[in-house]
Amino acid sequence: MVGSNKNNKRRLAVRYVLATLLLLVMVYPYLYMVLNSFADWSQVDRQLLPSQYSLQSYEWLLTGGEVGIARPWTNAFLNSVIVSVASTFLMMLFGIMVAYALSKMKFRGRDTVNNFVLFHMFFPAIILLIPNFLIIQKLGLYDTYWAMIIPKAVSLWAIFMYTNFFKAIPDAFIEAAKLDGASDFKILYKIMVPMSKSITAVIFLFLLMERWTELLWDMIVARSDNMLTLNVLLSQMFGPYGSYPGPLYAASVLLTAPIIILFIIFGKKFKEGMQFSLK
Amino acid sequence: MIDKRNDKLGWIFSSPYLIFGLVFFLGPLVWSLYLSFTDWDLIAPEYDYVGLDNFLKAMATPGVQAAFWVTYKFMIIFVPLVTAMSLAVAVVIQGLPRFKSVYLIGFFLPYLSSGVVASLIVQGFLSYNSPVNEFLRGTFGIQIDWLGSPLSALFIVGLILAWKFTGYYALILTSGLESIDQEIYEAAAIDGVSDRQRFWKITLPLLYPALYTTLILSFGVTLGIFTEVYQLTGGGPNFATNTWQMEIFNQAFTNLQAGYASAIAILASLVTFISIFAIRKVLEMWGKRNGWV
């Protein structure tokens with residue numbers, strides 16, 4: 001028994017070493033990005049670990065790189081924040097409302113709506129790209145924030161996830177609240193939402209991340225220099241910044257850091273929520 | 001319990017979706033079908049009905065034919081790669097007594113990246129004067145055109161995607177592995193089961209539901225590749241990485257062939273739909289034949 005115990009310990013140590021090595025390989029691209037964002041411009045993409053550092057790239061982000069408008073990078077960052085926050089907020093709000101109707105309200109036609117949501121969810125989205133673009137144009141929303149918010153205001157996945165979660169909440173809670181005279185809005189706001197904090201953390205992070213890193217849609221509906229999101233601006237600057245990629249790395253850090261920070265803040269709730277969603 | 005008032009409230013609560021589904025799903029779907037039979041160029045006020053011409057033309061072009069095959073090439077590269085990587089992570093991580101969540105969070109971080117950022121990093125890492133290429137030139141005297149040759153371009157895009165999704169799938173597989181009762185392994189050890197039998201007869205069957213999920217998800221990923229390809233290769237070299245999304249984007253928004261691009265989008269949807277259906281069936285049969293489901 002002593003021998004096998006020692007064996008177990010050795011096996012565990014090997015696993016920790018392996019896990020750490022694997023992790024280093026997986027986060028190396030991020031490390032490369034951060035180091036290059038601080039590297040002297042003469043060393044960007046030239047060294048595995050740059051030896052000279054400066055804040056040149058970040059200064060450039062804040063002040064330079066005029067393309068049609070002054071300070072395009074900070075402007076694009078603000079656009080990304082506006083679009084992503086508004087759109088994620090609406091996806092959450094509508095997700096919760098519709099899921100409540102589909103899981104806890106009894107009304108004629110509910111099954112039809114439910115089936116339609118599932119049909120919509122599994123339909124290949126690529127077919128909608130062109131007509132949705134045309135609808136935005138027809139509505140006169142081309143090149144506005146609305147073009148990036150409204151078509152991304154409802155998430156089928158959020159509806160689906162909340163519907164499944166709400167179904168697991170016993171009806172007794174709702175019936176008791178109804179006897180006390182609570183309205184459906186109040187039940188939703190006072191009971192359902194507080195009870196689904198962990199799943200909300202998961203849905204919120206996934207939706208925000210997806211919205212924040214959207215490229216195709218934001219690229220086709222926004223054209224003016226002052227309307228671009230950070231992700232789109234970064235994508236368009238690949239060519240022009242070809243020989244001075246330093247600022248692009250700084251912009252990448254600016255694009256990646258907020259999501260990672262949020263992820264770490266909500267980490268614990270996220271873990272609980274993932275456990276539910278993986279069941 | 002169903003009365004008129006409940007009916008009304010139910011519809012009010014569902015209305016955000018109903019309006020959205022009408023404006024951005026059902027309407028566009030019909031419009032798309034209609035456009036695919038026209039020769040509209042996004043600008044001209046008038047256009048003609050051209051019957052099935054768009055579909056016939058599309059199927060004969062190298063771009064569309066490439067898109068059809070590229071999807072499956074990405075499947076062959078990406079799916080085994082990401083499955084092996086996430087399984088490796090899951091096997092190493094599962095049941096670690098300490099720091100397990102630190103590792104899981106660390107492995108999950110790539111999933112939060114933007115495809116544009118990942119492409120930028122890869123492009124910089126593989127640029128002409130990068131340390132990797134300097135090393136290869138200096139030591140072996142070789143210069144590899146990473147994104148300029150078809151096979152390596154496919155592999156690089158596949159690798160970027162595998163990097164992104166490994167941590168997410170590892171999370172799913174880890175919870176799958178941890179749900180396996182340790183007593184089963186102990187009982188097997190007493191019965192003198194070999195390591196190989198242990199994997200094939202215990203681990204794999206019990207991991208199958210989690211594995212099924214990650215496999216379906218990863219096949220799904222290959223059906224929607226755009227950002228990395230747009231950023232790094234533009235679908236090239238010579239259509240080697242030209243995905244459906246790339247082809248549709250080019251035809252609709254670079255060449256402004258709205259009608260023609262709609263026809264391609266319909267073909268792409270059909271192929272996607274059939275592929276996913278077939279993959280699901282095959283995976284389910286695989287599970288059933290071995291008695292895992």
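According to an unreviewed UniProt entry, chain B carries the annotation "transmembrane region" at residues 12–34, 74–96, 103–126, 146–163, 206–226 and 258–279. The coordinates discussed here belong to a predicted model, and two of these spans serve well as a starting point. Residues 74–96 of chain B are 87% helix and 0% strand, with 33 Å between the end C-alpha atoms. For residues 258–279 of chain B the helix content is 100%, again with 0% strand, and the end C-alpha atoms are 31 Å apart. The unreviewed UniProt entry also lists "domain: ABC transmembrane type-1" for residues 68–279 of chain B. Taken as a whole, this span is 76% helix and 0% strand, and its end C-alpha atoms lie 16 Å apart.

Chain A can be read in a similar way. Here the unreviewed UniProt entry places "transmembrane region" at residues 12–31, 81–103, 115–139, 145–166, 187–209 and 248–267. Among them, residues 115–139 of chain A are 68% helix and 0% strand, and the end C-alpha atoms of that span lie 29 Å apart. Residues 248–267 of chain A reach 95% helix with 0% strand, and their end C-alpha atoms are 28 Å apart. The feature "domain: ABC transmembrane type-1" is placed by UniProt (unreviewed entry) at residues 77–266 of chain A. Over that domain span the model is 72% helix and 0% strand, with the end C-alpha atoms 22 Å apart.

Within chain A, one helix pair deserves a closer look. Helix α2 (residues 56–63) of chain A packs against helix α13 (residues 246–265) of chain A at an angle of about 75°, and the two axes are 8 Å apart. Because angles of 65 to 115 degrees count as roughly perpendicular, α2(A) is described as roughly perpendicular to α13(A). On the α2(A) side the contact involves S57(A), Y58(A), W60(A) and L61(A), which meet G246(A), P247(A), A250(A), A251(A), V253(A) and L254(A) of α13(A). Sorted by class, this contact of α2(A) with α13(A) comprises eight nonpolar residues, two polar ones and no charged residues.

The two chains also meet each other. In the interface, 84 residues of chain B are in contact with 81 residues of chain A. Together the chains bury about 7700 Å², of which 80% is on carbon and sulfur atoms. Of the area that chain B buries against chain A, F13(B), Y17(B) and F24(B) supply 11%, more than any other three residues.

Charge pairing completes the picture. Side chains of opposite charge can pair when their charged atoms come close. A search of the whole structure finds seven salt bridges over all chains, and one salt bridge is found across the interface of chain B and chain A. D7(B) forms a salt bridge with R108(A), with 2.8 Å between the closest N and O atoms. Inside chain A, K152(A) forms a salt bridge with E214(A), where the closest N and O atoms are 3.3 Å apart. K152(A) sits in the loop between α6 (145–149) and α7 (156–167) of chain A, and E214(A) in the loop between α10 (197–212) and α11 (216–221) of chain A, so this pair ties together parts that are 62 residues apart in sequence.

Notes: Residues are numbered from 1 along each chain as its sequence is written. Chains are lettered from A and ligands numbered from 1 in the order in which they are written. This is a predicted model: local features need pLDDT of at least 70, side-chain atom pairs count only at pLDDT 80 or more; totals for chains, interfaces and linings use all residues. Side-chain values use heavy atoms; hydrogens and water are left out. UniProt positions are given in the numbering used here, feature names are shortened, and annotations may be inferred rather than shown by experiment. Helices (H or I, at least four residues) and strands (E, at least two) are DSSP runs, numbered from the N terminus. Axes are lines fitted to C-alpha atoms, for helices over the stretch in contact, and angles run from 0 to 180 degrees between N-to-C directions. Angles under 35 degrees count as roughly parallel, over 145 as roughly antiparallel, 65 to 115 as roughly perpendicular and the rest as oblique. Contact means heavy atoms within 4.5 Å. Ala, Val, Leu, Ile, Met, Phe, Trp, Tyr, Cys and Pro count as nonpolar, Asp, Glu, Lys and Arg as charged, and the others, Gly among them, as polar. Buried area is the accessible area (1.4 Å probe) that two parts lose on being put together, summed over both. A salt bridge is a side-chain nitrogen of Lys or Arg within 4 Å of a carboxyl oxygen of Asp or Glu.
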